[in-house]
Amino acid sequence: MANVVVVGAQWGDEGKGKIVDWLSERADVIARCQGGHNAGHTLVIGEKAFKLSLLPAGIVRGGKISVIGNGVVLDPWHLVSEIEKLRGQGVEITPENLLIAENAPLILPLHGELDRARESQASVAKIGTTGRGIGPAYEDKVGRRAIRVADLADDATLELRVDRALVHHDALRRGLGMEPVDRDALLAALREIAVQVLPYAAPVWKVLNESRRAGKRILFEGAQGALLDIDFGTYPYVTSSNVIAGQAATGTGLGPNSIDFVLGIVKAYTTRVGEGPFPAELNDDDGQRLGERGHEFGTVTGRKRRCGWFDAVLVRQTCATSGVSGIALTKLDVLDGFKTLKICTGYELDGQKLDYLPIAADQQARCTPVYEEMDGWSESTAGARSWNDLPAAAIKYVRRIEELIQCPVALLSTSPERDDTILVTDPFAD
Ligand code: IMP
């Protein structure tokens with residue numbers, strides 16, 4: 001059986017929600033492997049809209065196992081409130097259909113406070129984070145002072161872990177002019193939430209390996225996008241986890257040889273939320289139009305997304321670093337009605353032509369795009385379900401993208417509706 005990894009191949013918000021939902025219908029197990037509740041998407045199933053940011057998309061479907069892997073940073077209070085909201089909408093969530101890795105590190109209130117305090121320091125350039133404590137929680141994981149899900153089960157261990165974390169955090173907070181953490185209140189809150197989280201704790205790596213041996217289909221649901229990857233993204237304007245496809249293995253405990261297909265989700269133009277370089281950004285009427293037509297506002301923070309032309313250099317790069325087998329191209333219909341379209345095919349930097357984005361932040365900021373112009377189309381592509389429904393200029397645009405990014409289109413999504421999809425290659429095909 002095939003196992004599929006879904007990754008965002010730009011800066012996130014590529015429309016993963018619909019594709020993951022579409023694939024999760026055919027998967028047995030759906031696993032998150034990085035990020036936390038900084039992600040966000042809305043799934044529309046029948047008449048109901050479900051808002052998810054931490055739970056895997058499979059949770060809203062019966063008969064699936066949803067997994068939160070060790071690569072995720074877990075805010076237990078957010079988890080419980082998301083579970084309660086979904087239950088209120090009639091979704092059944094039990095330890096039979098939701099498993100949380102025992103070795104997943106927790107996001108504590110102090111992480112969110114630190115995240116927001118840093119972002120508000122006037123002397124340091126902002127990253128534009130979601131303010132949810134993601135970065136500080138990953139720092140504690142790597143600094144070996146995180147509190148992990150399994151620690152909630154033993155009170156003596158929990159106290160030791162909290163004390164270890166507070167030695168670090170209280171010193172940091174003093175430096176930022178913040179009050180020290182109220183140790184007793186934190187411990188009390190953790191003990192209270194523990195009873196609601198522990199029933200879901202499981203050796204996820206073992207369950208996934210057994211599922212794989214039993215021939216189950218596993219879908220790894222990536223969050224954010226590869227250009228926000230801590231190693232390969234536009235550092236330091238990135239998130240704090242690995243986002244590229246290799247993370248599916250380390251973030252769940254299933255070996256890399258269990259990944260059969262990597263599906264990169266790619267928007268037909270480019271957007272980004274938060275700060276950082278964006279060579280093909282448009283600060284003009286075209287950019288405004290993309291934002292309006294594409295409803296480009298963040299799901300988690302409501303921030304307006306920055307918009308620009310399709311950047312083939314970046315997507316070629318992310319397809320390479322994630323080993324993308326095929327892409328799902330989304331939101332093509334947003335380009336309907338543009339007389340001409342531009343695709344970024346390279347950069348100019350200090351008089352030199354580049355076919356990749358350099359790693360140094362100052363160079364990234366100085367790269368200017370080299371564009372190729374293409375004819376647009378006046379017809380609507382919204383809702384197209386076969387190539388025959390698309391105008392010739394739209395097909396040409398898609399084919400040119402494939403050529404430039406050196407990766408084929410596996411799926412083409414033409415509206416938020418699940419069935420408005422053109423399937424070229426089935427990622428789950430054996
Ligand atoms: P953090 O993940 O909250 O630390 O934010 C770091 C950067 O990643 C910021 O630029 C955020 O806007 C961006 N980011 C985090 N999560 C998402 C997402 O799900 N979609 C798009 N951008 C995101």
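**Entry 1: the surface**

Accessible areas here come from the Shrake-Rupley method with a 1.4 Å probe. I began with that note for myself, and I add that I am looking at a predicted model. With the method settled, I looked up the surface of the protein chain: about 17900 Å² is accessible, and 50% of that belongs to carbon and sulfur atoms.

**Entry 2: overall form**

Next I asked how the chain is built. I found 12 helices and 18 strands in the protein chain. The C-alpha atoms fill a box of roughly 65 × 50 × 40 Å along the principal axes. I then checked the radius of gyration: a compact globule with 430 residues would have one near 22 Å, and the protein chain has 22 Å, so the two agree. Buried residues make up 55% of the 430 residues.

I also looked at how the contacts span the sequence. Of the contacts between residues at least 6 apart in sequence, 76% join residues at least 24 apart. For charges, I noted 48 positive and 58 negative side chains, with the centres of the two sets 1 Å apart.

**Entry 3: the nonpolar cores**

Which residues have the most contacts inside the largest nonpolar core? I found Leu55, Leu263 and Tyr397 in that role, in a core of 106 residues. A second, separate core has 13 residues, including Trp11, Leu227, Cys344 and Leu349.

I stayed with Leu263 for a while. Leaving aside neighbours within four places in sequence, Leu263 is in contact with residues that include Val4, Val5, Val6 and Val7. Ile19, Leu23, Ile327 and Pro427 are also among the contacts of Leu263.

**Entry 4: two helices**

Ile19 and Leu23 led me to helix α1, residues 16-24. Is this helix largely enclosed or largely open? Nine of its nine residues are buried, so α1 is largely enclosed by the rest of the structure. I was pleased to see that the buried set includes Lys16, Lys18 and Asp21 alongside Ile19, Val20, Trp22 and Leu23.

Helix α3 covers residues 109-119, and its buried residues are Leu110, His111, Gly112, Leu114, Asp115, Ala117 and Glu119. I looked for what lies over them, and the cover includes α4 (134-142), α5 (155-175) and α6 (183-197).

**Entry 5: the end of α12 and the residue after**

Ile405 has its place in helix α12, residues 392-405. I count Ile405 as buried because its relative accessible area is 1%, while the cut-off is under 20%. What does Ile405 touch beyond its neighbours within four places in sequence? I listed Phe310, Ala312, Val315, Arg316, Cys319 and Ile327. Val315 is 90 residues away along the chain, yet its C-alpha atom is separated from that of Ile405 by 6.1 Å.

Then I moved on to Gln406, in the loop between α12 and β17 (409-413). Gln406 is exposed, with a relative accessible area of 64%. Its phi is near 60°, a positive value in a residue other than glycine.

**Entry 6: two loop residues**

I looked up His37 in the loop between β2 (29-32) and β3 (41-45). Is His37 buried or exposed? His37 is buried, with a relative accessible area of 5%. Residues up to four places away in sequence aside, His37 touches Ser53, Leu54, Asp75, His78, Ile107, Arg132, Ile134 and Val300.

Thr130 sits in the loop between α3 and α4. With a relative accessible area of 28%, Thr130 is partly exposed. I noted that Thr130 touches Asn38, Thr301 and Arg303, again not counting residues up to four places away in sequence. Gly351 is another matter: 221 residues separate Thr130 from Gly351 along the chain, and their C-alpha atoms are 36 Å apart.

**Entry 7: backbone details**

Where is there a cis peptide bond? I found one from Tyr235 to Pro236, with omega near 5°. Pro236 lies in the loop between β8 (218-221) and α8 (247-250).

My last stop was Lys331, in the loop between β13 (326-330) and β14 (340-349). The phi of Lys331 is near 60°, which is positive in a residue other than glycine. Lys331 is partly exposed, at a relative accessible area of 23%.

Technical notes: Residues numbered from 1 in each chain as written. Predicted model: local features only at pLDDT ≥ 70, side-chain atom pairs only at ≥ 80, totals over all residues. Heavy atoms only, no water. Helix = DSSP H or I, 4+ residues; strand = E, 2+ residues; numbered from the N terminus. Rg over C-alpha atoms; globule rule 2.2 N^0.38 Å. Buried < 20%, exposed > 50% of the residue type's maximum accessible area, 1.4 Å probe, protein only. Contact = heavy atoms within 4.5 Å. Lys, Arg positive; Asp, Glu negative; His and termini not counted. Charge placed at Lys NZ, Arg CZ, Asp CG, Glu CD. Core = buried A, V, L, I, M, F, W, Y, C linked by side-chain atoms within 4.5 Å.
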